[in-house]
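Colleague: I am new to this one and would love a friendly tour. Could you show it to me, please?

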Amino acid sequence: MSAPIVSLESLTNATSSGQLLRTARSGGGVSSSCGLSSRPTDMDEATWEKINDHPCFSEEAHHYFARMHVAVAPACNIQCNYCNRKYDCANESRPGVVSEKLTPDEALRKVIAVANDVPQLSVLGIAGPGDACYDWKKTRATFERVAKEVPDIKLCISTNGLALPEHVDELAEMNVSHVTITINMVDPAVGEKIYPWIFYGHRRYTGIDAAKILHERQMLGLEMLTERGILTKINSVMIPGVNDQHLIEVSKWVKKRGAFMHNVMPLISDPAHGTCFGLTGQRGPTAFELKALQDRLEGGAKLMRHCRQCRADAVGLLGTDRGQDFTVNQIPADVAYDASKRHAYREVVARMREDHLAAKNEAIAMVASASIRGSLQVAVATKGGGRVNQHFGHAKEFQIYEASQTGIKFVGHRKVEQYCHGGWGEDATLVDIISALEGIDIVLCAKIGDCPRDQLIEAGIRATDAFGYDYIETAISALYAAEHGIDLLQATA
Amino acid sequence: MAFKIIASQCTQCGACEFECPSGAIGFKGDNYVIDPNKCTECQGVFELQQCASVCPMPNTCVPA
């Protein structure tokens, strides 16, 4: 593939849409009229249309598109043992945490400000910090205002499902195209260990009764969404010893009821968060336990492995959070929507994705055709655009890929502290990064210094910048070929 | 005969405000406050006080 390297950064930093398009077009050589769609072969056109710019519903889209959450719905109707809603910290990244709650009017201003400034923005979600369906008046008011002012944004909610059935029709009317339900159990005996109480029908329920009602409402809500053609994602928190094995059963139930995607996330548990699980010492799963469970769930609903468990006020590409750049006091009182930057970006991305997909398919076919036993675990530093384009020291996470005889598969990510702080690296941080990269064979990045490279080698992890700015899959296939002494040209011929 | 909110423990989620059948709860200044003149402790409407039943924080919405 002879893809021009137009860095997405140069696009997103462009100050005008005209400049944006000129930058992209100056890349030259990209065919835009060959009729290819970057749609995967195993998906129908209607479904692809719904997810092709939704970073949470499509792993492929998350390299290009961004989401934002507005924290307009703080009230909740259930208590989960992994949640403490009193918590409020700008440096914490996990669901339910926000720095400021917004009114629907403030939320509209924030959406416009972000849409004007972040061309990757494609989705607005309401994910609490309480429950979007329970705190319904604020959710609905926000969607109504946004749909009127910023009509070309996808609307999406996240809910625990308890109050979902009563709002499904309104969701459909408002064109809310994507709904995520958090379902941690399909057996109330398991649910009892996760939910101490629910508030339903004007009273509080506890114990098995609470879990039973929640379960029934979740299943009903899911079935109603499926009937109306609204795409659903099921989030499940993996809690070792509580529901880890049970999630296999959950996966079967939700697939049977039409769930499009299943996202198993690790429990985040820390006594400092003040959650019930944090205080009782309930541990979260290791990266290996999580991957092992996800591997067992393959073949059910499509698995999401690229979730970053973002905050209820996150802004930007998954894995980066620009929420702090858009707090209400930074947004002018009078802000008008300007779609030009987003439209220009979309045009550019549409061309790039065709090229990316062709390169990706070629790379995957090469690796699969080599039919070599054993797999290669690769950690990639990327800023988006599907390329190896981030310096090792700037990475706040590594995307993990597995190359094996089945091809090249994205399998997850590992969060790390940024190593480089403007010219110098923190040794203690490097130790933590090395431990976060346990089990990884090779790190791919745009650039790496000699010092961290040597220390990684001592820990048995190789790192290279030889494939800097290549497409991730192209880089991995070249690496795979080199590892196994295959001639690339022969293998794909 | 009324309930009150212990402001220091309140998360300000606002659930009590819309569950209250008497319209007795509102955001005043920096906190949610129950108007003792309007609060009926839900008598004759619900078996238990709605604000205390929905409140996520223990011992935060209590008899005044």
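Modeller: Happily, and a definition comes first: a residue is buried if 20 or more other C-beta atoms, placed from the backbone, lie within 10 Å of its own, exposed if 12 or fewer, and partly exposed in between. This is a predicted model, in which local features need pLDDT of at least 70 and side-chain atom pairs count only at pLDDT 80 or more, while totals for chains, interfaces and linings use all residues. Residues are numbered from 1 along each chain as its sequence is written, with chains lettered from A and ligands numbered from 1 in the order in which they are written.

Colleague: What percentage of the residues in chain A is buried?

Modeller: Chain A has 493 residues. Counted by that definition, the buried share is 47%.

Colleague: How many helices and strands are there in chain A?

Modeller: Both are DSSP runs, numbered from the N terminus: helices are H or I with at least four residues, strands are E with at least two. For chain A this gives 16 helices and 16 strands.

Colleague: Which strands stand at the edges of the open sheet of 8 strands?

Modeller: Strands pair if DSSP finds at least two bridges between them. The order in this sheet of chain A is S10-S9-S8-S5-S4-S3-S1-S11, with mixed pairing. One side of each edge strand has no neighbour in the sheet, because each has a single partner; they are S10 (302-303) and S11 (315-316) of chain A.

Colleague: Inside that sheet, which residue is the bridge partner of A:Met68?

Modeller: Strand S1 (residues 66-69) and strand S3 (residues 121-126) of chain A run parallel, paired over 4 bridges. In S3(A), the partner of A:Met68 is A:Leu124.

Colleague: Which helix gives the most to the largest nonpolar core?

Modeller: A nonpolar core is a set of buried Ala, Val, Leu, Ile, Met, Phe, Trp, Tyr and Cys residues joined through C-beta atoms within 7 Å. The largest has 111 residues, and those with the most contacts inside it include A:Met68, A:Leu124 and B:Cys16. With 6 residues, the top contributor to this core is H4(A).

Colleague: At about what angle does that helix run to S3(A)?

Modeller: Axes are lines fitted to C-alpha atoms, for helices over the stretch in contact, and angles run from 0 to 180 degrees between N-to-C directions. Helix H4 (residues 104-117) lies across S1, S3 and S11 of chain A, and its angle to S3(A) is about 160°.

Colleague: How far apart are the end C-alpha atoms of helix H8 of chain A?

Modeller: The expected span is 1.5 Å times one less than the number of residues. Helix H8 (residues 207-227) of chain A has 21 residues, so it should span 30 Å, and this agrees with its end-to-end distance of 31 Å.

Colleague: Is A:Gln377 buried, exposed or partly exposed?

Modeller: A:Gln377 is found in strand S12 (residues 376-380) of chain A. A:Gly439 is 62 residues from A:Gln377 in sequence, yet their C-alpha atoms are 7.2 Å apart. Because A:Gln377 has 18 C-beta neighbours inside 10 Å, it counts as partly exposed.

Colleague: How many residues of chain B are in contact with chain A?

Modeller: Two residues are in contact if their C-beta atoms, placed from the backbone, lie within 7 Å. Chain A brings 11 residues to these contacts, and chain B brings 13.

Colleague: Which residue in the turn of the hairpin of S2(B) and S3(B) has a positive phi?

Modeller: Strands S2 (residues 25-28) and S3 (residues 31-34) of chain B run antiparallel, joined by 4 bridges. B:Lys28 stands opposite B:Asn31. There are 2 residues between the strands, and the one with a positive phi, about 65°, is B:Gly29.
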